Amino acid sequence: MGDYREMWSKLQMDLEKHDILCEALPQAFGDIYLTQENRPEAMNYFNYALAEVHGARIQELQEEKEKGKKVVGTFCVFVPDEVILATGAVGVGLCSGSQFWIEDGEKVLPRNLCPLVKAFMGAKVSRTCPYFQSCDMIIGETTCDGKKKAYEILEDYMPVHVMELPQMKRKKNYEEWQDEIKLFIKKMEELTGNEVTVEKLRKSIDLCNRKRRALKRLYDLRKHTPSPISGLDALLVSQVAFLDDIERFIEKTNELCDELEERVKNLKANGKKRIVVTGTPMAVPNWKLHSIVEGLDAEIVVEETCTGTRYFENKVSTEGETIEDLVKNLADRYMKINCACFTPNDGRIDDVIRLVEEYKADGVINYNLSFCHTYAIEYEKLEKALKEKNIPVLNVETDYSEEDAGQIKTRVEAFLEMI
Ligand code: BJ8
C-alpha cells in the first residue's frame with residue numbers, strides 16, 4: 001500500500017493506532033490467502049483491492065466527495081443500495097470483521113455482545129476506519145437488539161438514520177417496508193440535494209441487478225465438483241463487493257467468472273468434502289472459519305449468509321411507471337431476504353436444504369457469532385430439519401479472536417471424518 005498518511009490525517013484518524021492495524025492485516029492475508037495453491041489469475045485484482053482497502057479505494061471516495069458526492073455507510077443487506085445510487089451518493093458496507101476493534105467497542109458497549117456490533121462501534125470510537133471517517137451518514141436498521149441500540153450511541157459520533165425493518169412477513173409488513181423505503185428516499189434527497197426520479201431509480205435498480213447477476217454467476221460456478229475456486233477466494237470477492245466501485249466490481253467479477261468457466265473444462269475430482277456454511281455474516285477480515293475448514297482439505301462451496309447468497313439472490317423488477325411502483329418492487333425483493341431477525345423464518349431452512357442439493361454438499365456448518373441470539377435460537381429448528389433429511393450439521397459459535405481456533409479445528413476435523 002502506498003503512503004496515505006496525509007489523507008488519513010485529514011480524515012482525523014488516529015494514525016498511530018491505525019498503523020498497528022495496517023501491520024497486522026497484510027500478515028494475516030498473506031498467511032491465509034497467498035499460501036493457497038493454484039488460485040485463479042483474476043484473483044489478483046481482489047488481492048489488490050484488499051491490499052488497498054484503506055488506501056486507493058479511500059482516495060477514490062475522497063475524490064468523489066470533492067466532486068460533491070456524499071458517502072453513506074450501511075451494516076445490513078436490507079438497506080437498499082438502489083436508493084443510495086439514485087441520489088448520486090456512494091454506499092459502503094462497513095465491514096466490522098476485526099478483533100482489533102473489539103477493545104474500543106467494549107469501552108462504550110457491554111462485553112457480552114455480538115462481536116460485529118462491538119467492532120463497528122470500536123472502529124468509530126478509535127477513529128481507525130477510513131470508511132467510517134469518510135461517511136457523511138450511517139444508515140442503520142432495526143434488525144437485532146444489539147445493532148438497534150448501538151445506533152443510539154453511534155449517533156453521538158455522526159449522523160445516523162435508522163430504518164425500521166418489520167420482523168414478520170405479512171402483507172402489512174411489506175407495506176410498512178415500502179413506507180420505510182420512501183422515508184429513506186426522502187432522507188437521502190435531503191442529504192444529497194438530489195431528487196430521486198423514476199429514471200434514476202430504474203437505472204440504479206438495473207445496476208444493482210447486474211452486480212447480483214455477476215455474483216450469482218460466480219456462485220453457480222462453485223456448483224461444479226470440485227469447485228473451480230476456493231471458498232476463501234469466493235468469500236473475499238463477496239467481501240470486496242461491499243466496498244468497491246460497483247461498475248468495476250461487476251467487470252472484475254465477470255473476468256474472474258470467464259477464467260473459471262475455462263477452468264471447469266479440465267477439473268479433476270479431488271475427493272474433498274463439500275460444505276455449505278449458513279448463519280451470521282463474515283465481514284472482512286473475518287476469514288476464520290473458512291481458513292480452518294479449507295486448511296483441513298475440505299471445500300466451502302456456498303455461504304447462506306449476508307456475505308453470501310442473501311446478498312445477491314432475487315432481482316428487483318424494473319417494471320412500473322412511478323416511484324411508488326419501483327418502491328414496491330424494491331420492498332418485494334428485500335423482504336425475501338431470510339434473516340433470523342424475522343419470525344417465523346422458515347424460508348432460511350428451505351434455502352439451506354435447497355443449497356445442499358444444488359451444490360451437492362456433504363454437510364452444513366452453522367456459523368454463529370457469539371451473542372447473536374436470533375441465529376442461535378433458530379439453530380434448533382435448522383438442526384431438526386437437516387437431521388430429518390439426513391444432512392450432517394455442525395454448529396460453531398465463535399467470535400473474532402483466535403483463542404478458540406484450535407478447538408474449532410478439532411471439532412471440524414471430527415465432523416469431516418464423520419460425514
Ligand atoms: S440481514 S444477518 S446483515 S441483520 S449484528 S444480527 S450477527 S447479533 S448482522 Fe445481519 Fe442484516 Fe440479518 Fe444479514 Fe446477529 Fe450480530 Fe445482530 Fe448481525
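At what angle do helix α10 and helix α16 pack, and how far apart are their axes? In this predicted model, α10, which spans residues 171–192, meets α16, which spans residues 323–334, at about 120°, and the two axes lie 9 Å apart. An angle between 65 and 115 degrees would count as roughly perpendicular, and one over 145 as roughly antiparallel; the arrangement of α10 relative to α16 is therefore oblique. The crossing in which α10 passes α16 is right-handed. On the α10 side, the residues that form the contact are Y174, W177, Q178, I181, K182 and I185, while α16 contributes I323, E324, V327, K328, L330, A331, D332 and Y334. Classified by residue type, this contact of α10 with α16 comprises nine nonpolar, one polar and four charged residues. The spacing of such contact positions can be read against a general property: an α-helix has 3.6 residues a turn, so residues three or four places apart point the same way.

A second helix pair involves α17 (residues 346–358) and α18 (residues 373–388), whose axes are 10 Å apart and whose packing angle is about 50°. This pair, too, is classed as oblique, because 50° is not under 35 degrees, as a roughly parallel pair would require, and does not reach the range from 65 to 115 degrees. The helices α17 and α18 cross in a right-handed sense. Their contact draws on D346, R348, I349, V352 and I353 from α17, and on Y375, E378, K381, L382, A385 and L386 from α18. Of the residues in the contact of α17 with α18, seven are nonpolar, none is polar and four are charged.

The third pair brings in helix α2 (residues 15–34). The axes of α2 and helix α12, residues 231–241, approach within 10 Å and cross at roughly 135°, so that α2 and α12 are oblique to each other. Here F29, I32 and Y33 of α2 touch L232, D233, L235 and L236 of α12. The contact of α2 with α12 contains six nonpolar residues, no polar residues and one charged residue.

Within α2 itself, L21 offers a view of other surroundings. Its relative accessibility is 11%, and L21 therefore counts as buried, the limit being under 20%. Leaving aside residues up to four places away in sequence, L21 touches H54, S98, F100, W101 and T128. One of these partners, W101, is 80 residues from L21 along the chain, yet the C-alpha atoms of L21 and W101 are separated by 9.3 Å.

Burial on the scale of an element is seen in helix α7, residues 115–125. Because 10 of its 11 residues are buried, α7 is largely enclosed by the rest of the structure. The buried positions are P115, L116, V117, K118, A119, F120, M121, G122, A123 and K124. These buried residues of α7 pack against α6 (102–105), α8 (130–134), α9 (145–154) and β7 (363–369). Just after α7, R127 adopts a positive phi of about 50°.

Which residues come nearest to the ligand? The ligand is surrounded by 18 residues, and C76, C144, C306, C339 and C372 are the nearest of them. By class, the shell around the ligand consists of 14 nonpolar, two polar and two charged residues.

The loops hold several backbone features that deserve attention. Two cis peptide bonds precede proline residues: one joins T225 and P226, with omega about -10°, and the other runs from T343 to P344, with omega near -10°. P226 is found in the loop between α11 (198–221) and α12, whereas P344 lies in the loop between α16 and α17. Thus the loop of P344 follows one helix of the α10 pair and leads to one helix of the α18 pair.

Positive phi values also occur at residues other than glycine. Q12, in the loop between α1 (5–10) and α2, has a positive phi of about 60°. At 57% relative accessibility, Q12 counts as exposed. N314, placed in the loop between α15 (309–312) and α16, has a positive phi of about 70°. With a relative accessible area of 35%, N314 is partly exposed.

Definitions and conventions: Residues numbered from 1 in each chain as written. Predicted model: local features only at pLDDT ≥ 70, side-chain atom pairs only at ≥ 80, totals over all residues. Heavy atoms only, no water. Axes fitted to C-alpha atoms, helices over the stretch in contact; angles between N-to-C directions. Helix = DSSP H or I, 4+ residues; strand = E, 2+ residues; numbered from the N terminus. Left-handed = near helix turned anticlockwise from the far one by under 90°. Contact = heavy atoms within 4.5 Å. Nonpolar A, V, L, I, M, F, W, Y, C, P; charged D, E, K, R; others polar. Near = heavy atom within 4 Å. Buried < 20%, exposed > 50% of the residue type's maximum accessible area, 1.4 Å probe, protein only.
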